[in-house]
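Here are some quick notes from my pass through the model. I stuck to the surface patch, a cavity and a pocket.

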Amino acid sequence: MEKEGITKNLKTANFPFVDSIRCLAMMGIVFEHCTYAGTYLFDTFTPRLATYVSLIQFPKFGTVAFFMLAGFLLGEKFFTYTPWEYFRRRLQTTIKPWLFWSLLFVGAMFLKTWIIEHKSAGFSLGETLAQTVQRVYLFTNYWFIINFLVCIGTLLLFRRFLYSWWLGLVLLLVTLVYAFNIHLLWFFPVHTTAIFGFVFFLWLGACLHRNWEQVSILLDRVPHLVFVLLFAGTFYLSVYEIQVLYAQQVEDPFNTLRLSNLLYSLCAVFWLLKIRSIPFTRFFQPRDTTFGIYLIHYILVYNFLPELLRPLGLLNVQDLSLIEIILSSVGKFVVVYLTTFALVKLIARSPLRGLIGR
């Protein structure tokens with residue numbers, strides 16, 4: 001019997017497991033954003049800090065997963081349309097909803113800053129607005145949409161060599177430069193400098209699609225225990241690397257492009273590719289809701305969560321006990337994810353459904 005999603009005609013194949021993994025990846029991104037409350041909140045690597053770091057690291061496979069899945073789905077489409085036709089179609093379905101929600105976030109962030117600081121000495125309306133725009137488009141999740149389009153454009157430039165191993169090797173070396181730079185500081189080590197850091201995973205996804213039958217057979221032969229051990233081992237390495245970077249007081253110790261996190265993310269994605277069927281994710285209709293959740297959730301994280309947590313005494317993570325850190329992270333995720341999902345579903349049933357993309 002054929003495994004789910006395996007068919008001889010890959011050009012017309014349906015891969016339901018992609019939606020399942022996409023849903024889990026989106027949940028991971030929302031969970032990470034709900035958990036993160038700052039970088040250097042603790043003076044030493046105490047059990048509370050280790051718990052906080054672990055909660056951020058656990059779902060951190062989401063970004064790599066999304067780039068791999070995007071590559072998996074778009075591989076053959078690169079040859080169905082001309083490069084400009086394909087890129088134009090991506091822009092039409094992506095840019096309008098991205099621009100609307102990112103501008104809404106600029107307004108919400110600016111209004112919040114103005115309410116808090118407009119009476120303070122030296123407050124400048126123009127400077128505050130400029131800083132807000134910079135923060136939204138360079139230091140929030142909205143930046144990754146720009147990055148994604150740049151990655152697609154890069155692969156389109158090398159479309160003739162899409163399945164060449166030498167292209168994959170070059171892209172891997174570029175990614176590794178960003179990974180080593182986190183420690184060696186050749187240039188500013190945050191995600192805004194990693195404009196080409198994720199192209200490799202887009203390429204890898206396209207290659208997985210082309211060779212899916214062979215890959216799926218190989219994955220079936222690997223016992224789940226092997227993936228459990230690899231997942232646990234790379235998770236430990238990821239937390240350890242954060243601890244090392246934390247001791248060095250680097251700019252971004254949670255950087256997604258840490259070498260340990262790249263290994264962890266690949267292990268998680270391939271394990272999920274082996275599992276394939278994750279029934280509960282169907283309820284969230286990931287094909288129709290994922291992009292909308294991505295665009296909207298961070299507005300709630302930034303503007304809504306603090307007002308919810310402040311009266312409950314849960315705003316400052318450094319003041320919480322270990323158990324409170326865990327429970328508050330899970331609670332924040334449940335509130336934000338379910339609220340965002342409900343908003344996306346409401347918008348999808350309205351004349352404004354174009355604002356959540358697809």
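1. Starting inside: the second largest cavity has Met68, Leu69, Phe72, Gly205, Leu208, Val269 and Leu273 as its lining. In terms of elements, α3 (62-74), α8 (199-210) and α11 each put two or more residues into that lining. Bear in mind that this is a predicted model.

2. Who contributes most to that cavity wall? It's α3, whose share is 3 residues. By residue class, the lining of the second largest cavity splits into 6 nonpolar and 1 polar, with no charged residue. Gly205 is on the lining list, and Gly counts as polar under the classes used here.

3. On volume, the second largest cavity comes to about 40 Å³. The count of cavities of 30 Å³ or more is 2, so keep that cut-off of 30 Å³ in mind if you rerun the search with your own settings.

4. Now the second largest pocket, with a volume of about 300 Å³. The lining of this pocket is made up of Leu24, Met27, Gly28, Phe31, Phe58, Pro59, Phe61, Phe231, Ala268, Trp271, Leu272 and Phe333. Sorted by class, that gives 11 nonpolar residues, 1 polar and no charged.

5. Which elements supply at least two residues of this pocket's lining? They are α1 (16-35) and α11. The biggest giver is α1, with 4 residues. Note that α11 turns up in the lining of the second largest cavity too, with Val269 and Leu273 on that list, while Ala268, Trp271 and Leu272 are on the pocket's list.

6. Moving to the surface, there's a nonpolar patch of about 640 Å², built from Val177, Phe180, Leu184, Trp186, Phe187, Leu259 and Leu263. Two elements, α7 (165-184) and α11 (259-275), give two or more residues to this patch. Of the elements, α7 gives the most, namely 3 residues.

7. One patch member to click on is Val177, which sits in helix α7. Is it buried, partly exposed or exposed? Its relative accessibility is 35%, so Val177 counts as partly exposed. Patch residues need over 30% relative accessible area, and the 35% of Val177 is what to hold against that cut-off.

8. If you only have time for one element, try α11. This helix gives two or more residues to the nonpolar patch, does likewise for the lining of the second largest cavity, and supplies at least two residues of the second largest pocket's lining.

How values were computed:
Residues are numbered from 1 along each chain as its sequence is written. This is a predicted model: local features need pLDDT of at least 70, side-chain atom pairs count only at pLDDT 80 or more; totals for chains, interfaces and linings use all residues. Side-chain values use heavy atoms; hydrogens and water are left out. Patches are made of residues with over 30% relative accessible area and no salt bridge: like charges are joined within 9 Å, nonpolar side chains (Val, Leu, Ile, Met, Phe, Trp, Tyr) within 5 Å. Accessible areas come from the Shrake-Rupley method with a 1.4 Å probe; for residues, only the protein chains shown count as cover. A salt bridge is a side-chain nitrogen of Lys or Arg within 4 Å of a carboxyl oxygen of Asp or Glu. Buried means under 20% relative accessible area, exposed over 50%, partly exposed in between (1.4 Å probe, protein chains only). On a 1 Å grid over the protein atoms alone, a cavity is a set of points where a 1.4 Å probe fits but cannot get out, and a pocket is an open set with protein on both sides within 12 Å along at least five of seven lines; lining residues have an atom within 4 Å of a point. Grid points are joined across faces, edges and corners, and a volume is the space filled by probe spheres set on the points.
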